[in-house]
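Here are a few friendly notes on the pockets in this model, set out point by point. Please have the structure open beside you as you read.

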Amino acid sequence: MDVLEQRFLIGMERIGHEITSDKVKALQELDCGDLPVKYLMYLKVIQDMQPLTAGQLAEALQLTKPAVTAIMRRMEKDGCMERRTSPDDGRVMLLSLTPKGTSVADAYTQASLTFARKIRQRLSEAEFLMFIELLERGAGIRP
């Protein structure tokens with residue numbers, strides 16, 4: 001590993017720790033501090049797409065249907081998600097968040113926004129724009 005790779009990894013670890021800390025703090029205020037970060041991201045996807053089917057959720061998360069079924073069971077058990085029969089087709093089950101699930105997804109979003117604002121305060125506008133562009137390229141969002 002060269003010096004640039006080391007600096008990159010240290011920076012990514014610090015950013016990851018900071019964003020995770022912000023999210024955990026927000027969720028502890030809701031008594032949900034033990035939820036895994038991926039679970040929170042899944043809630044956010046449901047919130048953005050609801051109502052949706054299990055198949056649509058599996059496609060959006062790029063997971064298998066059995067994996068999504070396990071996630072849905074936990075979310076229902078936790079009181080964060082509910083299934084209901086589609087009014088258009090009684091054979092189809094639609095997923096949506098409960099008020100608790102909405103509160104948790106909103107807290108996750110707010111913690112992410114708080115983190116983004118911290119980064120923005122540390123950088124000039126030009127640096128922040130460059131940071132966003134580099135993140136998008138690194139994530140494969142933009143060429």
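1. Let's begin with the chemistry of the largest pocket. Sorted by class, its lining holds 13 nonpolar, three polar and two charged residues. Do keep in mind that this is a predicted model.

2. How big is this pocket? The largest pocket has a volume of about 480 Å³. Its lining counts 18 residues, and those closest to the centre are Ile19, Lys23, Ser112, Phe115 and Leu135. These five are a handy place to centre your view.

3. Which helices build the lining of the largest pocket? At least two residues each come from helix 1 (3–28), helix 2 (37–49), helix 5 (99–122) and helix 6 (125–138). Helix 6 gives the largest share, with six residues.

4. Now for the second largest pocket, whose volume is about 330 Å³. Its lining is made up of Arg7, Phe8, Gly11, Met12, Ile15, Phe115, Phe131, Leu134 and Leu135. Helix 1 and helix 6 are the elements that contribute two or more residues here.

5. Which helix supplies the largest share of the second lining? That is helix 1, with five residues. By class, the lining of the second largest pocket has seven nonpolar residues, one polar and one charged.

6. A last pointer for your viewer concerns Phe115 and Leu135. Both are among the residues closest to the centre of the largest pocket, and both also line the second largest pocket. Helix 6, likewise, supplies at least two lining residues to the largest pocket and two or more to the second largest.

Methods. Residues numbered from 1 in each chain as written. Predicted model: local features only at pLDDT ≥ 70, side-chain atom pairs only at ≥ 80, totals over all residues. Heavy atoms only, no water. 1 Å grid on protein atoms, 1.4 Å probe; cavity = no way out; pocket = protein on both sides within 12 Å on 5 of 7 lines; lining within 4 Å. Points joined across faces, edges and corners; volume = space filled by probe spheres on them. Helix = DSSP H or I, 4+ residues; strand = E, 2+ residues; numbered from the N terminus. Nonpolar A, V, L, I, M, F, W, Y, C, P; charged D, E, K, R; others polar.
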